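Subject: Structure handover

Hello,

Here is the structure for you to look over. Please open it first, then read my notes below.

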Amino acid sequence: MARAEADYYDLLNVQRGASDGEIKQSFRSLARELHPDVSSAPEADRRFREVAEAYEVLSDPEQRALYDRYGKAGLQRRGFEPAFT
């Protein structure tokens, strides 16, 4: 069964209007919790990659604007390649 793609804001547990500082703080907290060197949870590695990808997009104003307007499809049309795949 295919998994629905999670919203980047939901992955980072922030609201759509979150400030850069709130996004960064949430990412750091989740990264400390999910990092493969720290967590032994079976899904931690996958979740860490998703959170890192979400942060990569939402921390860049241009990419965030595209994501807010068009979702992941808008990022793909611009040739966006997440670094954490």
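The notes below cover the aromatic pairs and then the nonpolar core.

Please keep in mind that this is a predicted model.

Aromatic pairs. A search of the whole structure turned up 3 of them. One is formed by Tyr-9 and Tyr-67. Their ring centres are 6.1 Å apart, with 40 degrees between the planes. That makes the pair tilted, because tilted covers angles that are neither under 30 degrees nor over 60. This pair links distant parts of the chain. Tyr-9 sits in helix H1, residues 8-11. Tyr-67 sits in helix H4, residues 61-70. The two tyrosines are 58 residues apart.

Both partners are buried. Tyr-9 has a relative accessibility of 1%, so it falls under the 20% limit for buried. Tyr-67 has a relative accessible area of 5%, so the term buried applies to Tyr-67 as well.

Tyr-8 joins Tyr-9 and Tyr-67 in one aromatic cluster.

Nonpolar core. The largest one has 20 residues. Tyr-8, Leu-12, Leu-58 and Tyr-67 have the most contacts inside it. H1, helix H2 (20-34), helix H3 (44-58) and H4 each give two or more residues to this core. H3 supplies the largest share, 6 residues. In soluble globular proteins, nonpolar side chains tend to be buried together.

What does Tyr-8 touch, not counting residues up to four places away in sequence? The list is Glu-53, Ala-54, Val-57, Leu-58, Tyr-67, Lys-72 and Leu-75. Among them are Leu-58 and Tyr-67, which are also named above for their contacts inside the core.

Best wishes

Key
Residues are numbered from 1 along each chain as its sequence is written. This is a predicted model: local features need pLDDT of at least 70, side-chain atom pairs count only at pLDDT 80 or more; totals for chains, interfaces and linings use all residues. Side-chain values use heavy atoms; hydrogens and water are left out. Rings of Phe, Tyr and Trp (its six-membered ring) pair if their centres lie within 6.5 Å; planes under 30 degrees apart count as stacked, over 60 as edge-to-face and the rest as tilted. Helices (H or I, at least four residues) and strands (E, at least two) are DSSP runs, numbered from the N terminus. Buried means under 20% relative accessible area, exposed over 50%, partly exposed in between (1.4 Å probe, protein chains only). A nonpolar core is a set of buried Ala, Val, Leu, Ile, Met, Phe, Trp, Tyr and Cys residues joined through side-chain atoms within 4.5 Å. Contact means heavy atoms within 4.5 Å.
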